[in-house]
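The following exercises are to be worked with the sequence and the three-dimensional structure at hand. Each task is followed by a solution in steps.

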Amino acid sequence: MLNIVLFGPPGAGKGTQSEKLIDKYNLAHISTGDLFRKNLNEGTKMGKLAQKYMDEGNLVPDEVVIGMVDERIKEREETNGYLFDGFPRTIEQAKALDRLMDKNETPISTMISLDVPEEELITRLLERGKTSGRPDDQNLDKIKTRIQVYQEETLPVATYYKEQKKYNDVVGVGAIDKIFENICKEVDKHL
Ligand code: ADP
C-alpha cells in the first residue's frame, strides 16, 4: 500500500494537490478538515464539538481527531493506500497514526511537506475566504492564529518524520502542475 502524509501550513495547497494525488495513484483521501466540515454541515455531535475550536483557529482535541480517523479507515478497506491531508497535526496524532497503520500492517510510505512563505499563505487564505464560505478564512486574526498554532503545535510533527527518514520538502510556490510533478517524483520512489 502507498500511504502518504501531505503536510504543510494552512493555505499551502494541500487540498489542491490531494485531489491530483488521489486521482493519479488511486488513493482514499482522508482530510480531517473536510471531515469536520462535513460533520458540522450535518449537525452531528462531533461537528458541534469541533466547531468552537475551528472557529477560533485552534486544534480540535487529539482524541476526537484520532477517533474520527480510525473510523474513516475502518470504513474503507479496498484501496491502493491512503492520503492523509491535514493530519497528523500534533506529535500525539502522529504516534496514533503509526499505531493505527502498524495494526493494519501498512506503514506510512512517505511524508511530503509543502513549503510556502507566510505572506503568501495569508494572501491565499484571504483570497480563498472570498469564495469558500469558510469563516476561518475570512478574518486576518483567525488566519494568524492558525499559522501560529501550526508553528507551535504542528511543526514538531516534521521532526517526527525526519527522525523516521520519511520527511520530504517540496516547494509549494509556482505552477500547480510543476509542484505536483515534484511531489510525484518522491511518491514514485514508493511504488
Ligand atoms: P487549513 O486550511 O487550516 O489547513 P483544514 O481544512 O485542514 O484547514 O482544517 C480546518 C480546521 O479543522 C483547523 O483549523 C482545526 O480547527 C480543525 N482540524 C482539522 N484537522 C485537524 C487535526 N488533525 N487536528 C486538530 N484539528 C484539526
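A residue is called buried when its relative accessible area is under 20%, exposed when it is over 50%, and partly exposed in between. The model examined here is a predicted one.

**Exercise 1. Side chains of strand 2**

Determine which way A28, H29, I30 and S31 point from strand 2, and whether they are buried or exposed.

Solution.
Step 1. Begin with the general rule: side chains in a regular strand alternate between the two faces of the sheet.
Step 2. Apply the rule to strand 2, where A28 and I30 point one way and H29 and S31 point the other.
Step 3. Classify the residues: A28, H29, I30 and S31 are all buried.
Step 4. Locate the partner of S31, which stands opposite D85 in strand 3. Strands 2 and 3 are paired in the parallel sense, over four bridges.

**Exercise 2. The sheet and a helix across it**

State the strand order of the open sheet and explain why strand 2 and strand 5 each have one side without a neighbour.

Solution.
Step 1. Write down the order of the five strands, which is 2-3-1-4-5, with parallel pairing.
Step 2. Read off the edges: strand 2 (28-31) and strand 5 (167-171) each have a single partner strand, so one side of each is left without a neighbour in the sheet.
Step 3. Add the twist, which averages 20 degrees from one strand to the next.
Step 4. Examine the pairing of strand 5 with strand 4 (residues 110-115), which is parallel and runs over five bridges. Here I112 stands opposite N168 of strand 5.
Step 5. Place helix 1 (residues 14-25), which lies across strands 1, 2, 3 and 4 and runs at about 175 degrees to strand 3.

**Exercise 3. The surroundings of T32**

Establish whether T32 is buried or exposed, and identify what its side chain reaches.

Solution.
Step 1. Assign T32 to its element, helix 2 (residues 32-41).
Step 2. Compare its relative accessibility with the cut-off: the value is 4%, so T32 counts as buried.
Step 3. List contacts beyond four places in sequence; among them are V65, M68, V69 and F87. For M68, 36 residues away along the chain, the C-alpha separation from T32 is 8.1 Å.
Step 4. Inspect the polar contact: a polar atom of the T32 side chain lies 3.0 Å from the backbone oxygen of G86.

**Exercise 4. The ligand site**

Find how many residues surround the ligand and which are closest.

Solution.
Step 1. Count the surrounding residues, of which there are 19; the closest are T32, R37, N58, Q93 and R128.
Step 2. Consider the nitrogen atoms of the ligand. One lies 3.0 Å from a backbone N or O atom of V60, and a ligand nitrogen is 2.9 Å from a side-chain N or O atom of Q93.
Step 3. Turn to oxygen: an oxygen atom of the ligand is 2.9 Å from an N or O atom in the side chain of R128.
Step 4. Assess the cover: the protein covers 96% of the 550 Å² of accessible area that the ligand has on its own.

**Exercise 5. D136 and S132**

Classify D136 and S132 by relative accessibility and describe the contacts of each with R134.

Solution.
Step 1. Locate D136 in the loop between helix 6 (118-132) and helix 7 (140-154), and S132 in helix 6.
Step 2. At 11% relative accessibility D136 counts as buried, whereas S132, at 33%, counts as partly exposed.
Step 3. The side chains of D136 and R134 are joined by a polar contact of 2.9 Å. The side chain of S132 reaches the backbone nitrogen of R134 at 3.0 Å.

Conventions:
Residues are numbered from 1 along each chain as its sequence is written. This is a predicted model: local features need pLDDT of at least 70, side-chain atom pairs count only at pLDDT 80 or more; totals for chains, interfaces and linings use all residues. Side-chain values use heavy atoms; hydrogens and water are left out. Two strands pair if DSSP finds at least two bridges between them. Helices (H or I, at least four residues) and strands (E, at least two) are DSSP runs, numbered from the N terminus. Axes are lines fitted to C-alpha atoms, for helices over the stretch in contact, and angles run from 0 to 180 degrees between N-to-C directions. Contact means heavy atoms within 4.5 Å. A residue is near a molecule or strand if one of its heavy atoms lies within 4 Å of it. A polar contact is a pair of N or O atoms within 3.5 Å; within protein, one must be able to donate a hydrogen and the other to accept it, and residues adjacent in sequence count only if both atoms are side-chain atoms. Accessible areas come from the Shrake-Rupley method with a 1.4 Å probe; for residues, only the protein chains shown count as cover. Buried means under 20% relative accessible area, exposed over 50%, partly exposed in between (1.4 Å probe, protein chains only).
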